[in-house]
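I set out to record which side-chain contacts this structure contains and where they sit. The entries below follow the order in which I looked things up.

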Amino acid sequence: MCFFNEDKADHKKKSRSVEIDRYLQEDRPPDQVIKLLLLGAGETGKSTITKQMKIIHLNGFSAEELASFKTSIHWNVIYSIRALAIASKDLEIKLEDESNESFVQELINNPKYDSIECVLNENIGKDIAKMWKDKGIQEILSRSSEFQLMDSAEYLLSNVERVASSSYVPTEEDVLKSRVKTTGIVETCFVIDQVKFNLVDVGGQRSERRKWMHC
């Protein structure tokens, strides 16, 4: 009886899917655009969905667009390693290599590392790479549920020497992993099977939510 109920439920789902496909392809006026509105709190992945749709349905990012993410990706790296440095003190975890401690103190106490204007260069990249390999930092990473850390921190810090290179050009994967605060309303238009979509990404920060009603 259980297998019968599962088969019946699956049949209903497939039938519903067929109905939706029929509506999209037949019942919809030819010039109608389907608007997809992404709403939610900040850092919940809305902008990542937008970037994925651009890559899949709009031939990805141009070289100029990829380059425009460089500053944000650099800041993501610095923000992430600084978060781990602060957590090392909060969680009272000592780094295995004592030579990393001076850099930890610099990350915490030097205000330049707390600014989005901070420049990630090859020298800083080497210091970050050395600190990232420390067993103490890896232990802190394993306890990331106890403090705020970007989901993409492990990916970015594992690639820090490439990202910090003077010849660095972001890849599409780097862009997908990056975190850029969305301000205002960003629209992405694309077509799937002759159906026009307008994906609207709205900033999720509290100060941006008043704009939701205008979408």
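**Entry 1: Lys-54**

With which residue does Lys-54 form a salt bridge, and how far apart are the closest N and O atoms? I worked on a predicted model. I found the partner to be Glu-65, with the closest N and O atoms 3.5 Å apart. I then looked up where the two residues lie: Lys-54 belongs to helix α2 (residues 46–57) and Glu-65 to helix α3 (residues 63–67), so the pair ties together parts that are 11 residues apart in sequence. For Glu-65 I noted a relative accessible area of 31%, which makes the residue partly exposed. Lys-54 has a further contact, since I also found its charged end over the ring of Phe-61, 5.5 Å from the ring centre.

**Entry 2: other salt bridges**

I counted the salt bridges and obtained 6 in the structure. Besides the pair of Lys-54 and Glu-65, I followed up two others.

One of them joins the side chains of Lys-89 and Glu-101, at 3.1 Å from N to O. I placed Lys-89 in helix α4 and Glu-101 in helix α5, so this bridge ties together parts that are 12 residues apart in sequence. Lys-89 is partly exposed, at 37% relative accessible area.

Another is formed by the side chains of Asp-97 and Lys-130, at 3.2 Å from N to O. Here Asp-97 lies in the loop between α4 and α5, and Lys-130 lies in helix α6, so the pair ties together parts that are 33 residues apart in sequence. I recorded Asp-97 as partly exposed, with a relative accessible area of 32%. Lys-130 is also partly exposed, and its value is 37%.

**Entry 3: helix α4**

Does α4 have the end-to-end distance expected of it, or does it depart from it? I took the 21 residues of α4 (residues 70–90) at 1.5 Å a residue, which gives an expected span of 30 Å; the end C-alpha atoms are 30 Å apart, and the two agree. I next checked burial: 15 of the 21 residues are buried, so the helix is largely enclosed by the rest of the structure. After α4 I came to Glu-92, whose phi is positive, near 55 degrees.

**Entry 4: aromatic pairs**

I searched the whole structure for aromatic pairs and found 3. One of these is the edge-to-face pair of Trp-75 and Tyr-79, with 5.9 Å centre to centre and 65 degrees between the planes. I noted that both residues lie in helix α4, 4 residues apart, about one turn of the helix. Residues three or four places apart in an α-helix point the same way, because the helix has 3.6 residues a turn. Is Trp-75 buried or exposed? I found 15% relative accessibility, so Trp-75 counts as buried. Tyr-79, at 30%, counts as partly exposed.

Phe-103 and Tyr-113 form another pair: the ring centres are 6.3 Å apart and the planes stand at 90 degrees, so I entered the pair as edge-to-face. This pair links distant parts of the chain, with Phe-103 in helix α5 (residues 101–109) and Tyr-113 in the loop between α5 and α6 (122–132), 10 residues apart. I found Phe-103 buried, at 6% relative accessible area, and Tyr-113 buried at 2%.

**Entry 5: a lysine over a ring**

Lastly, I looked up Lys-177, which lies over the face of Tyr-155, at 5.4 Å from the ring centre.

How values were computed: Residues are numbered from 1 along each chain as its sequence is written. This is a predicted model: local features need pLDDT of at least 70, side-chain atom pairs count only at pLDDT 80 or more; totals for chains, interfaces and linings use all residues. Side-chain values use heavy atoms; hydrogens and water are left out. The expected span of a helix is 1.5 Å times one less than its number of residues. Buried means under 20% relative accessible area, exposed over 50%, partly exposed in between (1.4 Å probe, protein chains only). Rings of Phe, Tyr and Trp (its six-membered ring) pair if their centres lie within 6.5 Å; planes under 30 degrees apart count as stacked, over 60 as edge-to-face and the rest as tilted. A charge sits over a ring if NZ of Lys or CZ of Arg is within 6 Å of the ring centre and within 35 degrees of the ring normal. A salt bridge is a side-chain nitrogen of Lys or Arg within 4 Å of a carboxyl oxygen of Asp or Glu.
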